[in-house]
Amino acid sequence: MRTALDHPDRVSRLGVLDGIPIGAALDTCDARFASRWWHWFFLGQTDKPAERVINADPDAWYGGSPAEMGEEAYADYSRAIHDPATVHAMCEDYRAGLGPDRAADDADRAAGRKIGCPVLFVWAERDDMVDLHGDPATIWREWADDVRAASIDSGHHMAEEAPEALAAVLADFLVD
């Protein structure tokens with residue numbers, strides 16, 4: 001999203017998987033959201049970095065299984081979550097979301113800036129996107145005039161749990 005807004009000459013299509021703009025999520029943050037997505041604030045804080053806790057037992061923190069993701073995808077995922085540099089990068093992403101990314105989104109929203117290219121928003125049906133945010137495509141339509149939406153029958157790890165379905169949706173969007 002940031003790249004599409006900041007460098008519109010370099011992004012001809014934007015695909016977003018299971019996420020909404022950080023400002024929209026935080027604007028509607030209530031106790032229900034905080035109880036389900038408390039990890040945003042745990043990963044995003046800097047006074048007591050989350051990496052130490054996560055790196056003590058990445059399997060317990062991140063979950064996932066070969067049954068859900070497939071053997072090969074789970075093996076790649078497992079290698080990544082056991083790499084302290086990857087865990088640090090994941091935490092930094094949340095820190096950016098709660099800090100500079102949020103500030104940039106708020107400034108863009110106040111200035112009326114929108115994403116100029118077509119946007120595809122895909123969400124996992126067995127995650128809580130709709131439950132927490134209603135129709136998430138409506139949120140994306142505040143940020144772009146050309147928004148297409150699709151859902152995938154999967155949990156949060158769409159690419160690992162339903163790779164063929166996700167690839168088909170992305171391919172349709174990218175060759176349209």
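These are my notes on aromatic pairs and one helix contact in this structure.

**Starting point.** I am working from a predicted model.

**Aromatic pairs.** I went for the rings to begin with, and the count came to 10 aromatic pairs. I looked up Trp38 with Phe42: the ring centres are 5.9 Å apart and the planes stand at 50°. That angle falls between the 30 degrees limit for stacked and the 60 for edge-to-face, so I put the pair down as tilted. I then checked the surface of Trp38 and got a relative accessible area of 45%. Exposed would need over 50% and buried under 20%, so Trp38 goes in as partly exposed. Following the ring pairs from there, I found a cluster that links Trp38 and Phe42 with Trp61 and Tyr62.

**The tyrosines of α8.** Next I pulled up Tyr74 and Tyr77, which both sit in helix α8 (residues 71-81). They are three residues apart, about one turn of the helix. Their rings make a tilted pair too, with 5.9 Å from centre to centre and 45° between the planes. I asked myself whether these two are buried or exposed. Both Tyr74 and Tyr77 turn out to be buried.

**A charge over a ring.** I also looked at Phe173 and found the charged end of Arg13 over its ring, 5.1 Å from the centre.

**α9 against α10.** Last, I turned to helix α9 (residues 84-98) and helix α10 (residues 100-111). Their axes lie 3 Å apart and the packing angle is about 35°. On the α9 side I noted Arg95, Ala96, Gly97 and Leu98, which meet Pro100, Asp101 and Arg102 of α10. I sorted the residues of this contact into three nonpolar, one polar and three charged.

Terms used:
Residues numbered from 1 in each chain as written. Predicted model: local features only at pLDDT ≥ 70, side-chain atom pairs only at ≥ 80, totals over all residues. Heavy atoms only, no water. Axes fitted to C-alpha atoms, helices over the stretch in contact; angles between N-to-C directions. Helix = DSSP H or I, 4+ residues; strand = E, 2+ residues; numbered from the N terminus. Contact = heavy atoms within 4.5 Å. Nonpolar A, V, L, I, M, F, W, Y, C, P; charged D, E, K, R; others polar. Phe/Tyr/Trp six-rings, centres within 6.5 Å; stacked < 30°, edge-to-face > 60°. Buried < 20%, exposed > 50% of the residue type's maximum accessible area, 1.4 Å probe, protein only. Lys NZ or Arg CZ within 6 Å of the ring centre and 35° of its normal.
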